[in-house]
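User: Could you walk me through this model with me? I'd like to ask about bonds, rings and empty space as they come to mind.

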Amino acid sequence: MTSYAAAGVDIEAGDRAVELMKSRVARSRRPEVVDDASGFAGLFDASAFLRYRRPLLATSTDGVGTKVMLAQQLGKHDTIGIDLVGMVVDDLVVCGAEPLFMTDYIACGKVVPERIADIVGGVAEGCRLAGCALVGGETAEHPGAMGPDEYDLAGAGTGVVEADEMLGPDRVVPGDVVLGLASSGVHSNGYSLVRHVIRTAGLGLEQDLPELGRTLGEELLEPTRIYSLDCLALIRETEVHALSHITGGGLAANLSRSLPGTVDALLDRNSWTPPAIFDVLAGRGGVPQEEMDKTFNLGVGMCAIVPAAEADKALALLTGRGLPAWVLGEVVAGEGRARFRQ
């Protein structure tokens, strides 16, 4: 008999996945979330915006790239959703926006309820860490288009910022200080190069590397650090001129996006020691420094540009919240580029 199940789509498995993820999603709830009994839409009470003078909504969408392939190889699916949230919400906070809610989308070759629940559970945990709500999502089964163990995920987030408090390049002036906020490792960018290094260097994900103190796979699946609550605290308690989320393209390219055309940011390589994973990738893979610079975060996941007089206060606040941070460089007259000191 011809049926949807015979074509490879298991509706019952999808229903079971929804039941398994409900309690995990509930942990990300905010007071403004309104239940929709039909489940077709996520609702958020916009009356919360009445306290703003001129609220601007900010939106961002992203995925986690080929890092999902390593999660699939290792059969570990409960943290990749945290990576997704980090990629989305920390783009929102760059303009000063508070992340409010997210939705996610998972495409897979076969719905395995426990696996889907793990993935969505990671998204919900990431939302909890970011202070936003997971208000909905979609899981789509694509038999034939994807293998039974393959999946990909993407997400979209919405935030809000007061118009006259929006951060950006127009606030940055010579004399400002650039702070580096430590990454938790590779985060979710550059994994095509990571996988190339693994192949060409003959490395194994289950291989214990003394430089790392754990297996290569454990290191590479370390979840992306989520900075939104730390950055929002920094904005509330100190003067912040601009933020920059260090993702694909590397440190200098991303930081340049937060500079006006009248200044440069001079960065000091000696101000921090990149995590050991970057030495492993460069050394075992024969990746030159220039390529490392434009591909990876090198241990700096977010930058904050603050007035020099605020730098000590900002660093004390961040380290008090358990986030390693340091003076990475300074802003000088220039042409809108971030660059390393020669």
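Analyst: What follows is a set of answers on cysteines, salt bridges, aromatic pairs, a cavity and a pocket.

Analyst: This is a predicted model, in which local features need pLDDT of at least 70 and side-chain atom pairs count only at pLDDT 80 or more, while totals for chains, interfaces and linings use all residues. Residues are numbered from 1 along each chain as its sequence is written, and side-chain values use heavy atoms, with hydrogens and water left out.

User: Thanks. How many disulfides does a search of the whole structure find?

Analyst: The search finds 0 disulfides, a disulfide being a pair of cysteine sulfur atoms within 2.5 Å.

User: Why is there no bond from the sulfur of Cys127 to the closest cysteine sulfur?

Analyst: The closest cysteine sulfur belongs to Cys132, and at 3.7 Å from the sulfur of Cys127 it is too far for a bond. For Cys108 the closest cysteine sulfur is that of Cys127, which is 19 Å away and also too far.

User: Is Cys108 buried or exposed?

Analyst: Cys108 is buried, its relative accessible area being 1%, where buried means under 20%, exposed means over 50% and partly exposed lies in between, using a 1.4 Å probe and protein chains only. Cys127 is buried too, with a relative accessible area of 0%.

User: Switching to charges, how many salt bridges are there?

Analyst: The whole structure has 19 salt bridges, each being a side-chain nitrogen of Lys or Arg within 4 Å of a carboxyl oxygen of Asp or Glu. One of them joins Arg30 to Glu98, with the closest N and O atoms 3.0 Å apart. Arg30 lies in the loop between helix 1 (11-26) and strand 1 (33-34), and Glu98 lies in strand 4 (residues 98-108), so this pair ties together parts that are 68 residues apart in sequence. Helices (H or I, at least four residues) and strands (E, at least two) are DSSP runs numbered from the N terminus.

User: And what is the exposure of Arg30 and of Glu98?

Analyst: Arg30 is buried at a relative accessible area of 11%, whereas Glu98 is partly exposed at 22%.

User: Which residue forms a salt bridge with Lys67?

Analyst: Lys67 pairs with Asp83, and their closest N and O atoms are 2.8 Å apart. Lys67 lies in helix 2 (residues 67-74) and Asp83 in helix 3 (residues 80-92), so the bridge ties together parts that are 16 residues apart in sequence. Lys67 counts as buried at 0% relative accessibility, and Asp83 counts as buried at 0% as well.

User: Got another one, say for Glu219?

Analyst: Glu219 forms a salt bridge with Arg214, the closest N and O atoms being 3.0 Å apart; Glu219 counts as buried at 9% relative accessibility, while Arg214 is partly exposed at 24%. In addition, salt bridges that share partners join Arg30, Glu32, Arg51 and Glu98 into one network.

User: On to rings: how many aromatic pairs does the structure hold?

Analyst: The structure holds 4 aromatic pairs, counted when rings of Phe, Tyr and Trp (its six-membered ring) have centres within 6.5 Å, with planes under 30 degrees apart called stacked, over 60 edge-to-face and the rest tilted. Phe44 and Phe101 form a tilted pair, 5.1 Å centre to centre with 40 degrees between the planes. Phe44 lies in strand 2 (residues 43-44) and Phe101 in strand 4, so the pair ties together parts that are 57 residues apart in sequence. Phe44 is buried at 17% relative accessible area, and Phe101 is partly exposed at 22%. The ring centres of Trp272 and Trp326 are 6.1 Å apart and their planes are at 25 degrees, so that pair is stacked.

User: Now empty space. Which residues line the largest cavity?

Analyst: The lining consists of Arg30, Glu32, Phe44, Ala48, Phe49, Arg51, Tyr52, Leu100 and Val160. A cavity is a set of points, on a 1 Å grid over the protein atoms alone, where a 1.4 Å probe fits but cannot get out, whereas a pocket is an open set with protein on both sides within 12 Å along at least five of seven lines, and lining residues have an atom within 4 Å of a point. About 30 Å³ of space lies in the largest cavity, a volume being the space filled by probe spheres set on grid points that are joined across faces, edges and corners.

User: And what is the volume of the second largest pocket?

Analyst: That pocket has a volume of about 400 Å³, and 17 residues line it, with Gly96, Glu165, Leu232, Ile235 and Arg236 nearest its centre.
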